[in-house]
Amino acid sequence: MVHDTASGKLGPRTPSRGVRALVVEDDLPMATLIGNYLEHEGYEVRLSHDGVAAVQAARGFDPDVVVLDLGLPGQDGIEVCRQLRTFSDAYVVMLTARADELDTLIGLSVGADDYMTKPFSPRELVARLRAMQRRPRPIDGANHGPTLRRFGTLAIDPIGRDVWLDDQPVSLTRTEFDVLAVLSERPGMAFSRRQLIDQVWGGTWVGDDHLVDVHIGHLRRKLGDDAGAARFIRTVRGIGYRMGTGE
């Protein structure tokens, strides 16, 4: 059932399929609309209406997906997402009120996986969440040595979804790992932004394909890669990106 962290009110629900969704939106009618739509699709939903409460709710609720408004009281969506990434690998879809707010997201390494600009269709939101959920989930267990992909000092385990640089683990968001996994699977291929979107976000994704650049930037920062002399993720002018050799 929809649980409102501010009011404590519980609404009717359909049987949950075990996927938890946290909706963080200070516009109460909008939050309720999104929550009811997700609940109808089988999600277990919790609502939160300010940034501070959202972080607390995420710690207790442990969501699989988070629908996060950028403009929030208490703490804005940028800070909420930054804090979420210290303890959660949930998929995060950021909601923005204006298209030009994407510039703010591009300029900050907040760890969001996707964005949608208001107004939007709840049906499209559900489609994007489902596309995210179809991606492989992390697998617990021992290191799967034979599957390792090596690029110099970088090692990638696509089964265990682990990454090491100089034998030290690298913490990536799910989307960052998915981008790296696609590039490393076919290291000789130069991928366009659209090809990466099709592989990672799904062929029905609609939006600014420069979102790919945001995640490439995050990856390069975490891998200590210089775009001007990239070892791991190289820019192919006029096309997009391909995996480097690590040298």
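This report walks through a predicted model of one protein chain, from its overall make-up to its cores and salt bridges.

**The big picture**

Let's start with the basics. The chain has 247 residues, and 48% of them count as buried. Its secondary structure comes to 8 helices and 13 strands. How much of the chain's surface is exposed? About 11,600 Å², with carbon and sulfur atoms supplying 51% of that area.

Now for how the chain meets itself. Take the contacts between residues at least 6 apart in sequence: 58% of these join residues at least 24 apart.

**How far to trust it**

The mean pLDDT of the chain is 82, and 83% of the residues reach 70 or more. Two stretches call for some care. Over residues 7-16 the pLDDT is below 50, though this stretch still has 19 contacts in the model beyond near neighbours in sequence. Residues 137-145 also have a pLDDT below 50, with 13 contacts beyond near neighbours in sequence. Where pLDDT is low, the predicted coordinates should not be read in detail.

**Inside: the nonpolar cores**

Which residues touch the most other members of the largest nonpolar core? They are Leu-68, Leu-154, Val-163 and Leu-183, in a core of 48 residues. Helix α6, covering residues 174-185, gives this core its largest share, with 6 residues.

Val-163 is a nice one to click on in the structure. Skip its neighbours within four places in sequence, and Val-163 still contacts a whole list of residues, including Leu-154, Ala-155, Ile-156, Phe-177, Leu-180 and Leu-223. Gln-168 and Pro-169 are also among its contacts.

Apart from the largest core lies another one, made of 19 residues. Tyr-43, Val-67, Val-93 and Val-126 are among its members.

**Salt bridges**

How many salt bridges does the structure hold? There are 14. Here are three of them, with the N to O distance for each pair:

| Pair | Distance | Relative accessible area |
|---|---|---|
| Lys-118 and Asp-69 | 3.1 Å | Lys-118 21%, Asp-69 4% |
| Glu-79 and Arg-82 | 3.4 Å | Glu-79 29%, Arg-82 36% |
| Arg-128 and Glu-124 | 2.9 Å | Arg-128 9%, Glu-124 31% |

The Lys-118 and Asp-69 pair links distant parts of the chain, with the two positions 49 residues apart in sequence numbering. Lys-118 sits in the loop between β6 (114-117) and α5 (122-133), while Asp-69 belongs to strand β4, residues 65-69. Is Asp-69 buried or exposed? Asp-69 counts as buried because its relative accessible area is 4%, and the cut-off for buried is under 20%. Lys-118, at 21%, is partly exposed.

The Glu-79 and Arg-82 pair stays within one helix. Both residues lie in α3 (residues 77-84), 3 residues apart, which is about one turn of the helix. Glu-79 is partly exposed, and Arg-82 counts as partly exposed too.

Arg-128 and Glu-124 also lie in a helix, α5, where they are 4 residues apart, about one turn of the helix. Arg-128 is buried, with 9% relative accessibility, whereas Glu-124 is partly exposed at 31%. Salt bridges can share partners as well: Arg-20, Asp-62 and Asp-64 are joined into one network that way.

Definitions and conventions: Residues are numbered from 1 along each chain as its sequence is written. This is a predicted model: local features need pLDDT of at least 70, side-chain atom pairs count only at pLDDT 80 or more; totals for chains, interfaces and linings use all residues. Side-chain values use heavy atoms; hydrogens and water are left out. Buried means under 20% relative accessible area, exposed over 50%, partly exposed in between (1.4 Å probe, protein chains only). Contact means heavy atoms within 4.5 Å. Accessible areas come from the Shrake-Rupley method with a 1.4 Å probe; for residues, only the protein chains shown count as cover. pLDDT is the predictor's confidence in each residue, from 0 to 100. A nonpolar core is a set of buried Ala, Val, Leu, Ile, Met, Phe, Trp, Tyr and Cys residues joined through side-chain atoms within 4.5 Å. A salt bridge is a side-chain nitrogen of Lys or Arg within 4 Å of a carboxyl oxygen of Asp or Glu.
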